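Student: Got a minute to go through a model with me? I'll throw short questions at you.
Tutor: Sure, put it up.

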Amino acid sequence: MISLLLTSLLVASAYSCGVPSNKPNLSGKVVGGVEAIPNSWPWQISLQINKDGQWYHTCGGSLIDPWWVLTAAHCINQKNQYRVALGKHNLLLEEQGSLAIAADKLFPHNKFSMIFAANGYDIALVKLAEPVTTTDEIEFGCIPQEEVILPHNYPCYVTGWGLLQAGGTVSETLQQAQLPVVNYETCSKLGWWATNVKKTMVCAGGDGVVSGCNGDSGGPLNCQNEEGTWEVHGIVSFGSPLCSQKNKPTVFTRVSAYNSWINEIMTNN
């Protein structure tokens with residue numbers, strides 16, 4: 001089996017990843033509605049579902065390869081028809097450089113349970129019906145090396161088209177929030193997420209002001225490494241029903257816990 005480190009290096013050299021042409025504005029929040037610079041997170045995708053011939057945003061995700069998108073398992077229902085919208089900023093507008101490609105195959109982790117979502121394994125891969133060529137609007141997100149765990153308070157960013165506040169409406173334009181990492185020792189405390197959080201997850205935020213929200217599921221936790229390259233360290237999994245709540249950080253699937261699984265699916269399919 002090809003190691004993920006080798007895979008990441010091959011992707012970086014062959015396609016480049018994690019270096020947007022449009023540099024992001026490193027501020028702002030999702031809940032509260034601070035808009036991202038268009039195409040500054042060019043691996044961010046909108047996973048869309050077909051309802052009565054119309055396409056609707058259901059989840060976020062990250063383009064990590066010409067054929068593959070990373071998202072959350074709870075976003076996937078094999079009965080539904082999906083497509084992936086790439087290079088988007090405003091979901092309601094026709095935008096230059098954007099694409100919509102059918103989802104060919106869906107691979108939610110086989111250990112994920114919708115009934116016991118807090119048990120983990122909330123990760124899925126979507127294989128596209130045709131490969132993607134990168135542009136200024138569409139680029140790949142990098143996968144971190146296996147078992148990399150970021151330190152407490154490491155600054156990362158969540159991005160998505162989710163609700164601007166609990167009970168509100170989804171955003172037309174891509175939003176972003178700075179969410180510092182909360183280490184497992186803190187996030188697993190009573191009064192925080194306690195036993196609902198696992199070591200295969202990563203918590204971020206929890207200040208009661210900024211967070212991810214409904215509709216951000218499946219989207220990336222973007223963290224910049226020492227070389228300045230952005231890596232997808234998390235996949236939005238769950239959070240407070242209030243969206244933004246003190247000591248209830250947004251909880252992400254920790255991507256670096258699933259390197260072998262990602263490699264296996266991509267290599268064998």
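Student: What volume does the second largest cavity have?
Tutor: The second largest cavity comes to about 40 Å³. A cavity here is a set of points on a 1 Å grid over the protein atoms alone where a 1.4 Å probe fits but cannot get out. Grid points are joined across faces, edges and corners, and the volume is the space filled by probe spheres set on the points.

Student: And how many cavities of 30 Å³ or more are there by this rule?
Tutor: Two cavities of 30 Å³ or more.

Student: Which residues line the second largest cavity?
Tutor: Val-148, Ile-149, Leu-150, Val-202, His-233 and Arg-254. Lining residues have an atom within 4 Å of a point.

Student: Before I go on, what are the ground rules for this model?
Tutor: The model is predicted, with local features needing pLDDT of at least 70 and side-chain atom pairs counting only at pLDDT 80 or more, while totals for chains, interfaces and linings use all residues. Residues are numbered from 1 along each chain as its sequence is written, and side-chain values use heavy atoms, with hydrogens and water left out.

Student: What's the mean pLDDT of the protein chain?
Tutor: The mean is 89, and 89% of the residues reach 70 or more. pLDDT is the predictor's confidence in each residue, from 0 to 100.

Student: Where does pLDDT stay under 50?
Tutor: Over residues 1-14, with 18 contacts beyond four places in sequence in the model, and over residues 28-33, with 30 such contacts. Contact means heavy atoms within 4.5 Å.

Student: OK, sheets now. In what order do strands 1 to 6 run in their closed barrel?
Tutor: The order is 1-2-3-6-5-4, with antiparallel pairing. The twist from one strand to the next averages 45°. Strands are DSSP E runs of at least two residues, helices are H or I runs of at least four, and both are numbered from the N terminus; two strands pair if DSSP finds at least two bridges between them.

Student: How many bridges do strand 1 and strand 4 pair over?
Tutor: Strand 1 (residues 44-51) and strand 4 (residues 82-86) pair over four bridges, and Ser-46 has Ala-85 in strand 4 as its bridge partner.

Student: What about strand 6, which strands does it pair with?
Tutor: Strand 3 joins strand 6 through four bridges, with Thr-71 partnered by Ala-124. Strand 5 joins strand 6 through five, and there Leu-106 has Val-126 as its partner.

Student: Is strand 6 mostly covered or uncovered?
Tutor: Mostly covered, with five of its five residues buried. Ala-124, Val-126 and Leu-128 are on one side, Leu-125 and Lys-127 on the other. Buried means under 20% relative accessible area, exposed over 50%, and partly exposed in between, using a 1.4 Å probe and protein chains only.

Student: What lies across strand 6?
Tutor: Helix 3 (residues 259-268), which also lies across strand 3 and strand 5 and runs at about 25° to strand 6. Axes are lines fitted to C-alpha atoms, for helices over the stretch in contact, and angles run from 0 to 180 degrees between N-to-C directions.

Student: Now strands 7 to 12. In what order do those six close into a barrel?
Tutor: They go 7-8-9-12-11-10, with antiparallel pairing. Neighbouring strands are turned by 45° against each other on average, direction ignored.

Student: What does Val-158 face in strand 10, and what is its partner in strand 8?
Tutor: Val-158 stands opposite Leu-221 in strand 10, and its bridge partner in strand 8 is Ala-177. Strand 7 and strand 8 pair over six bridges, while three join strand 7 to strand 10.

Student: Why is strand 8 largely enclosed?
Tutor: Because six of its eight residues are buried.

Note on methods. On a 1 Å grid over the protein atoms alone, a cavity is a set of points where a 1.4 Å probe fits but cannot get out, and a pocket is an open set with protein on both sides within 12 Å along at least five of seven lines; lining residues have an atom within 4 Å of a point.
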